[in-house]
Amino acid sequence: MPNIIEGVGARLRSERRRLGLTQDEFASAAGITRTSVGFIERGSNLPNTGYLASWANIGVDLPYVLFGTLAGTPVLDIEMLDGEILEKCFDHVEELEHELGEQLSNKARASIFRMVLGAYLKGTKGMPQIGETKKWIAK
């Protein structure tokens with residue numbers, strides 16, 4: 001499975017420029033702050049599902065930003081990119097942070113997101129339980 005974290009910020013910057021938008025214009029069109037755009041482009045923060053949805057609405061190539069592959073290049077089944085699945089994965093990470101009582105680093109969040117998404121796509125049981133995820137990160 002492709003790495004979802006490496007280069008997200010640089011690829012977002014590339015997409016923003018492809019669309020011919022400044023950070024301010026991009027932020028305004030996407031309904032987010034310019035500061036958030038800057039943090040994500042620098043790799044300080046990861047986008048949340050709301051950001052992903054707003055980016056798709058203004059023409060951002062999400063498979064490219066998330067996985068580094070251009071639209072039309074098969075990476076995973078198209079259903080994997082369904083917003084509901086992505087949202088469930090992000091919610092799972094946030095629920096885990098809540099249970100742990102701490103905010104995880106972006107690197108840790110991305111790693112857990114990949115594990116949860118991979119388990120969801122490979123399994124027939126649906127989304128893993130928080131207890132299972134805790135066991136994964138304890139290893």
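A salt bridge is a side-chain nitrogen of Lys or Arg within 4 Å of a carboxyl oxygen of Asp or Glu. The exercises below use this definition and others on a predicted model.

**Exercise 1. A salt bridge inside one helix**

Task: Decide whether Glu 15 and Arg 18 meet the salt-bridge rule, and describe the surroundings of Glu 15.

Solution.
Step 1. The N to O distance between the side chains of Glu 15 and Arg 18 is 2.8 Å. The cut-off is 4 Å, and the pair is a salt bridge.
Step 2. The two side chains are also joined by a polar contact of 2.8 Å.
Step 3. Both residues lie in helix H1, 3 residues apart, which is about one turn of the helix. An α-helix has 3.6 residues a turn, so residues three or four places apart point the same way.
Step 4. Helix H1 covers residues 8–18. Within it, Glu 15 counts as buried because its relative accessibility is 3%.
Step 5. Setting aside residues up to four places away in sequence, Glu 15 touches Gly 59, Val 60, Asp 61, Tyr 64 and Val 65.

**Exercise 2. A network of charges**

Task: Find which residues are joined into one network by salt bridges that share partners.

Solution.
Step 1. The structure has 4 salt bridges by the rule above. Side chains of opposite charge can pair when their charged atoms come close.
Step 2. One of the bridges joins the side chains of Arg 13 and Glu 41, at 3.6 Å from N to O. This pair links distant parts of the chain, with Arg 13 in helix H1 and Glu 41 in helix H3, 28 residues apart.
Step 3. Arg 16 also forms a salt bridge with Glu 41, and their closest N and O atoms are 2.6 Å apart. Here too distant parts of the chain are linked: Arg 16 is in helix H1 and Glu 41 in helix H3, 25 residues apart.
Step 4. Glu 41 is a partner in the bridge with Arg 13 and in the bridge with Arg 16. The network therefore consists of Arg 13, Arg 16 and Glu 41.
Step 5. Next, sort the members by accessibility. Arg 13 is partly exposed because its relative accessible area is 23%. Glu 41, at 4%, counts as buried, and Arg 16, at 7%, counts as buried.

**Exercise 3. An aromatic pair**

Task: Classify the ring pair formed by Phe 26 and Trp 55, and say where its members lie.

Solution.
Step 1. The structure holds 2 aromatic pairs. In the pair of Phe 26 and Trp 55, the ring centres are 6.1 Å apart and the planes make an angle of 50°.
Step 2. Planes under 30 degrees apart count as stacked and those over 60 as edge-to-face, with the rest tilted. The pair of Phe 26 and Trp 55 is tilted.
Step 3. Phe 26 is in helix H2 (residues 23–30) and Trp 55 in helix H4 (residues 49–57), so the pair links parts of the chain 29 residues apart.
Step 4. Phe 26 is buried, at 0% relative accessibility. Trp 55 is buried as well, with a relative accessible area of 0%.
Step 5. Together with Tyr 51, these two residues form one aromatic cluster.

**Exercise 4. The buried face of H2**

Task: Work out how the buried residues of H2 are arranged around its axis, and what they pack against.

Solution.
Step 1. List the buried residues of H2: Gln 23, Phe 26, Ala 27 and Ala 30.
Step 2. Seen down the helix axis, they fall within an arc of 100°, so they line one face of the helix.
Step 3. The buried residues of H2 pack against H1, H3 and H4.
Step 4. After H2 comes Gly 31, with a positive phi near 75°.

**Exercise 5. The nonpolar core**

Task: State which residues of the largest nonpolar core touch the most other members, and which helix gives the largest share.

Solution.
Step 1. The core has 28 residues, of which Ile 32, Leu 52, Trp 55, Val 65 and Phe 113 touch the most other members.
Step 2. H1, H2, H3, H4, H5, H6 and H7 each supply at least two residues. The largest share, 6 residues, comes from H6.
Step 3. Look at Leu 52 more closely. Leaving out residues up to four places away in sequence, Leu 52 touches Pro 47, Leu 62, Leu 66, Leu 86 and Phe 90.

How values were computed. Residues numbered from 1 in each chain as written. Predicted model: local features only at pLDDT ≥ 70, side-chain atom pairs only at ≥ 80, totals over all residues. Heavy atoms only, no water. Helix = DSSP H or I, 4+ residues; strand = E, 2+ residues; numbered from the N terminus. Buried < 20%, exposed > 50% of the residue type's maximum accessible area, 1.4 Å probe, protein only. Polar contact = N/O pair within 3.5 Å; in protein donor to acceptor, adjacent residues only side chain to side chain. Contact = heavy atoms within 4.5 Å. Phe/Tyr/Trp six-rings, centres within 6.5 Å; stacked < 30°, edge-to-face > 60°. Core = buried A, V, L, I, M, F, W, Y, C linked by side-chain atoms within 4.5 Å. Arc of directions from axis to C-beta.
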